[in-house]
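Thanks for making the time this morning. I would like to walk through one model with you, slowly, and with the cut-offs stated as we go.

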Amino acid sequence: MKTLTDQLANYAAYHRDPRNIASHFIGIPMIVLAVAVLLSRPAMGVAGGLALTPALLVTLATVLYYLRLDLRFGALMGVLMALNLLAAQWFAAQSTAFWLGSGIGLFVVGWLIQFIGHYYEGKKPAFVDDIMGLIIGPLFVVAEVVFALGLRASVLQAIEARVGPVRKRDMTAGAA
């Protein structure tokens, strides 16, 4: 199994432009919520305040994978994914039109934002070459926040040793 650094470095190799990374802070949460919303029906009962749904099963499997990669990141992702699941269940409890419209709308707009970011990057999304990119994307966004807070510097250094730092935007480009 690949390590946390392996997975994040592989994903980061497709994400070195700050505009692309910024787009991921919007697009990925929208997509993750959309998938949870769409998978939150049908509900087959309630266990511990959470409805037993396909969304719950996918969330549990994903969080277990994150925990295998790294306990600290996994625990943080577990909390965030639980909050996401609670929000998704609220959407699913609404009318069918609202539930479906919200889920599809979030999904389409989230991916549109992702593809705009990758236009600036000049590279295809990571999942095109490795389907695991779909699972690592949310972890990448959370890791970027953790790194920006000055935490887990050794992980950031290991990633940058493999793929280099995030490119700096040239603010003078286009100026005559």
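What follows is a short tour of helix packing, salt bridges, the surface and the backbone.

Let me begin with the ground rules. This is a predicted model, in which local features need pLDDT of at least 70 and side-chain atom pairs count only at pLDDT 80 or more, while totals for chains, interfaces and linings use all residues. Residues are numbered from 1 along each chain as its sequence is written, and side-chain values use heavy atoms, with hydrogens and water left out.

I start with helix packing. Two packed helices are described by the angle between their axes and the distance between the axes. Helix α1 covers residues 4-12 and helix α6 covers residues 133-148, and their axes come within 10 Å of each other, crossing at roughly 95°. Helices here, I should say, are DSSP runs of H or I with at least four residues, strands are runs of E with at least two, and both are numbered from the N terminus. The axes are lines fitted to C-alpha atoms, for helices over the stretch in contact, with angles running from 0 to 180 degrees between N-to-C directions. The pair α1 and α6 is therefore roughly perpendicular, since angles under 35 degrees count as roughly parallel, over 145 as roughly antiparallel, 65 to 115 as roughly perpendicular, and the rest as oblique.

Which residues meet there? From α1 we have L4, Q7, L8, Y11 and A12, and from α6 G133, I136, G137, L139, F140 and A143, where contact means heavy atoms within 4.5 Å. Take Q7 in α1, which is buried, with a relative accessible area of 4%; the scale is under 20% for buried, over 50% for exposed, and partly exposed in between, using a 1.4 Å probe and protein chains only. Not counting residues up to four places away in sequence, Q7 touches K2, Y65, L69, D130, M132 and I136. The C-alpha atoms of Q7 and D129 are 13 Å apart, although their positions lie 122 residues apart along the chain. On the other side, G133 in α6 is buried at 9% relative accessibility, and with the same exclusion of sequence neighbours up to four places away, G133 touches Y11 and F127.

Now to the charged pairs. How many salt bridges are there? The count comes to seven, where a salt bridge is a side-chain nitrogen of Lys or Arg within 4 Å of a carboxyl oxygen of Asp or Glu. One of them joins D6 and R162, with the closest N and O atoms 2.6 Å apart. That pair links distant parts of the chain, D6 being in helix α1 and R162 in helix α7 (residues 153-163), 156 residues apart. D6 is partly exposed at 25%, and R162 is partly exposed at 48% relative accessibility.

A second group deserves some care: D17, R19, E121 and R167 are linked in a network of salt bridges. Within this network, R19 pairs with D17 at 2.8 Å between the closest N and O atoms; R19 is partly exposed at 30%, whereas D17 is buried at 5%. For E121 and R167 the corresponding closest distance is 3.5 Å. E121 lies in helix α5 (residues 96-121) and R167 in the segment after α7, so this pair ties together parts that are 46 residues apart in sequence. Here E121 is buried at 6%, while R167 is partly exposed at 37%.

Turning to the surface, F25, I26, V145, L149 and L151 make a nonpolar patch of about 460 Å². Patches are made of residues with over 30% relative accessible area and no salt bridge, like charges being joined within 9 Å and nonpolar side chains (Val, Leu, Ile, Met, Phe, Trp, Tyr) within 5 Å. I26 itself lies in helix α2, residues 18-38, and is partly exposed at 47%.

Finally, two points on the backbone. Most residues other than glycine have a negative phi, and most peptide bonds are trans. In this model a cis peptide bond joins R41 and P42, with omega about 0°, and P42 is in the loop between α2 and β1 (46-47). R152, although not a glycine, has a positive phi of about 55°; R152 sits in the loop between α6 and α7 and is buried, with a relative accessible area of 17%.

Notes: Accessible areas come from the Shrake-Rupley method with a 1.4 Å probe; for residues, only the protein chains shown count as cover.
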